[in-house]
Every structure is written in structure tokens, then in C-alpha cells.
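Q: Please take a close look at one part of this model and at what surrounds it. Set it in the context of the whole chain, and explain the terms as you go.

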Amino acid sequence: MKFFWLVCFLFLPLMGEVFVLDNQTGLFIPKSVDFVNKLSTQIKHKTGFSLYVDIVDSLDLPTKDGRIAYEKSILFKITPPYSVIFFFAKSKKVDIVLSDDAKNIFDTERMFFDYMAPLLPDPKKESEFTPNRISAAILNVYSIIADKISDSYNVDFDQNFPKDKSREVVYYIIWAMLIVLIGLFAWVYFFPNKKKQR
């Protein structure tokens, strides 16, 4: 039975215009799935670029080697140029992969650390890994990547969120708050309040 489901999610999603892979438990909510499928279909039609989201929730891949092997099995079936956002649900790991012929479009590490990581819950807090929380984080970075593809190919995607600076502003606000918190912690730690001596 496990082999049957493995074959299904490895082969069937790539047969049609389906750009959300696996997602057996529905961790990526239906509205987000619909959004990705519509926008990625438009991206593929206008540019030939394939943008996938793979919610790996049917397999337990705790090791890095296991995750890399899985990624290779998926990427082997996708024609470049492409990018795939892998979310490994059980190990709580993320990997954004970009084909070699598209490395100039965006930086995968910046996409993760700037537009996804700040929205993800603490891996130790299992209760916070809700479908809505995970979907929001994935959808945010997915939409930014779509904008980068739009800029690179000089085309517009009307299925995407309006291209404005709001998401950039949110990014800077999040990091500004983080810097302030670190600053306050450092101040309290290195300069503790001392009672005034009489």
C-alpha cells in the first residue's frame, strides 16, 4: 500500500497542470493549492518556467541524505527552468531548489531567510504547525518568487497578488523588531540595573 501511494504522488502530479505535489494530509490548505496551481499554470504558459510546491507529508525523511535523494527523484521529472519549494512536514525542514539555468533569477537562501523563515513557527512547538500557519509562510515566499520570475522575463502575472512594496515593508518590520529585541536583551545582559549607592 505504501508503494502504491509513493507511485501516485511521484508520477500522477506531473502528468497534468498540477503544481502542488504530495500534500496528502492537506497541510497546504485548499485555497493555497488552488492559488498555486492557477498562478504556476500562468507562469508556465507565459515563460516556460515551472514553479512547484512540494508538501512532503506522506514520507518520513529525517536525514539530509534522504531528503536530497527524494528531491533528486522529483527534479529528474521536471524540465528546466524550474524552482521547487520543498516542505518536509515530519522533519520540519525547508529547501528551495532552483535549476542551474535560472540561478540569476533569485537567491534561494535569501528567499528562505527573508520571506519564509520569519513566518514559520518554532520547530519545537508542534501545536503551532497548523495548516493556516504553514500555508501562509509558503504562500508568502512563493508569491515573492513569482514576482522575481515576472521581473526576469518582463511579463505580468494577473493571478499573483498585486505587485507592490507591502511584503517588502513587512519583511523590514519583522527584522527591525528582531534587532530591537536582540538589542534589549544585550542591554539587560551586559548592563544590569545597579542600585544607586548612597
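A: Buried means under 20% relative accessible area, exposed means over 50%, and partly exposed is in between (1.4 Å probe, protein chains only). This is a predicted model, in which local features need pLDDT of at least 70 and side-chain atom pairs count only at pLDDT 80 or more, while totals for chains, interfaces and linings use all residues. Residues are numbered from 1 along each chain as its sequence is written, and side-chain values use heavy atoms, leaving out hydrogens and water.

The part chosen here is helix 2, residues 30-47. Its setting is a protein chain with 6 helices and 4 strands, arranged from the N terminus as α-β-α-β-α-β-β-α-α-α. Helices (H or I, at least four residues) and strands (E, at least two) are DSSP runs, numbered from the N terminus. The protein chain has 198 residues, of which 41% count as buried. Of its contacts (heavy atoms within 4.5 Å) with a separation of 6 or more, 62% come from residues 24 or more positions apart.

Helix 2 is made of 18 residues, and the distance from its first C-alpha to its last is 25 Å, close to the 26 Å expected at 1.5 Å a residue. That expected span is 1.5 Å times one less than the number of residues. The buried residues of helix 2 include V33, F35, V36, L39 and I43, and also S32, N37, S40, Q42 and T47. These buried residues pack against strand 1, strand 2 (50-56) and helix 5.

On the N-terminal side, the loop between strand 1 (20-22) and helix 2 contains N23. N23 is not a glycine, yet its phi is positive, at about 55 degrees. With a relative accessible area of 14%, N23 is buried.

On the other side, helix 2 is followed by G48, where phi is positive and near 85 degrees. The loop between helix 2 and strand 2 also holds F49, which pairs with Y153 of helix 5 at a distance of 104 residues along the chain. The whole structure has 7 aromatic pairs. Rings of Phe, Tyr and Trp (its six-membered ring) pair if their centres lie within 6.5 Å; planes under 30 degrees apart count as stacked, over 60 as edge-to-face and the rest as tilted. For F49 and Y153, the ring centres are 6.5 Å apart and the planes stand at 75 degrees, so the pair is edge-to-face. F49 is buried at 0% relative accessible area, whereas Y153 is partly exposed at 31%.

The rings of F112 and F113 also form an edge-to-face pair, with centres 5.0 Å apart and planes at 75 degrees. F113 is partly exposed, its relative accessibility being 44%. Y70, F86 and F88 make up one aromatic cluster.

The loop between helix 5 (131-153) and helix 6 (166-190) contains N154. N154 has a positive phi of about 55 degrees although it is not a glycine. While N23, ahead of helix 2, is buried, N154 is exposed, at 72% relative accessibility.

One further backbone feature is the cis peptide bond between P80 and P81, with omega at about 0 degrees. P81 is located in the loop between helix 3 (64-75) and strand 3 (82-88).
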